[in-house]
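Walk through this fold with the coordinates open. The route starts at one salt bridge and ends at the sheet.

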Amino acid sequence: MGSFSIWHWIILAIILSPFLLLIFYKQKRVKVRHSTSGLMRNGYYGFSPTYFVFGWFVPLFRGEIGIAALHLLFSIFTFGIWQIIASFIYNRQYTARLLTNGWVLADTPDSEAKARTALGITP
């Protein structure tokens, strides 16, 4: 008692890994502008460590209440496995929904090109 075995370190690493992802991994961000109102917002692509840690709260805080409810149901029915899967696809889907609802890319040409490639948008 009183000493940390290798198993304690492994368990601690597993518990802290999502927070390490948040510290060391930044989501790729691209600015988008609403075509009629001119409002600016951030779109994201790539792996989402934020979704990995906070799950269905991410779409809720981004204003997608229906998507948040759907993700909550998926997380419940898959016992949380959906949260891991959605971490890889949520940002792309979120930005695609923005772009199909009247938002356009409004960042630097380099950032826009990277976002187009990641999102599968052809010019």
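Begin with Glu 112, which counts as buried at 14% relative accessibility. Buried here means under 20% relative accessible area, exposed means over 50%, and partly exposed lies in between (1.4 Å probe, protein chains only). The side chain of Glu 112 meets that of Arg 116 in a salt bridge, 3.4 Å from N to O. Arg 116 counts as partly exposed, at 29% relative accessibility. The two residues are four apart in helix α6, so about one helical turn separates them.

Two notes on the basis. This is a predicted model, in which local features need pLDDT of at least 70 and side-chain atom pairs count only at pLDDT 80 or more, while totals for chains, interfaces and linings use all residues. Residues are numbered from 1 along each chain as its sequence is written, and side-chain values use heavy atoms, with hydrogens and water left out.

A salt bridge needs a side-chain nitrogen of Lys or Arg within 4 Å of a carboxyl oxygen of Asp or Glu. By this rule there are three. Another one in α6 joins the side chains of Lys 114 and Asp 110, at 3.5 Å from N to O. These two also lie four residues apart, about one turn of the helix. Asp 110 is partly exposed, at 47% relative accessibility.

What does the pair Glu 64 and Arg 97 tie together? Their side chains meet in a salt bridge of 2.7 Å, N to O. Glu 64 sits in the loop between α3 and α4, and Arg 97 in helix α5, so the pair links parts 33 residues apart in sequence. Glu 64 is buried, with a relative accessible area of 13%. Arg 97 counts as partly exposed at 23%.

Next comes helix α4, residues 65–77. Helices (H or I, at least four residues) and strands (E, at least two) are DSSP runs, numbered from the N terminus. The 13 residues of α4 reach 19 Å from first C-alpha to last, close to the 18 Å expected at 1.5 Å a residue. That expected span is 1.5 Å times one less than the number of residues. The buried residues of α4 are Ala 68, His 71 and Ser 75. They cover an arc of only 65 degrees around the axis, so they fall on the same side of α4. The arc is taken over directions from the helix axis to the C-beta atoms. This buried set packs against α2 (49–54), α3 (57–61) and α5. Contact means heavy atoms within 4.5 Å. Turned away from the buried side are the exposed residues Gly 66 and Phe 77. After α4 comes Phe 79, with a positive phi near 55 degrees.

Now the sheet. Two strands pair if DSSP finds at least two bridges between them. Strands β1 (residues 28–34) and β2 (residues 40–45) pair antiparallel over six bridges. Arg 33 stands opposite Met 40 in β2. Five residues separate the two strands of this hairpin, and Gly 38 in the turn has a positive phi of about 85 degrees. β1 also pairs antiparallel with β3 (residues 103–105), over three bridges. There, Val 32 has Leu 105 as its bridge partner.

The result is an open sheet of three strands, in the order β2-β1-β3. β2 and β3 stand at the edges with a single partner strand each, so one side of each has no neighbour in the sheet. The twist averages 45 degrees from one strand to the next. Helix α5 (residues 81–100) packs on the sheet, touching β1, β2 and β3, and its direction makes about 140 degrees with that of β2. Angles run from 0 to 180 degrees between N-to-C directions, with axes as lines fitted to C-alpha atoms, for helices over the stretch in contact. Helix α6 (residues 109–119) lies across β1, β2 and β3, at about 50 degrees to β2.
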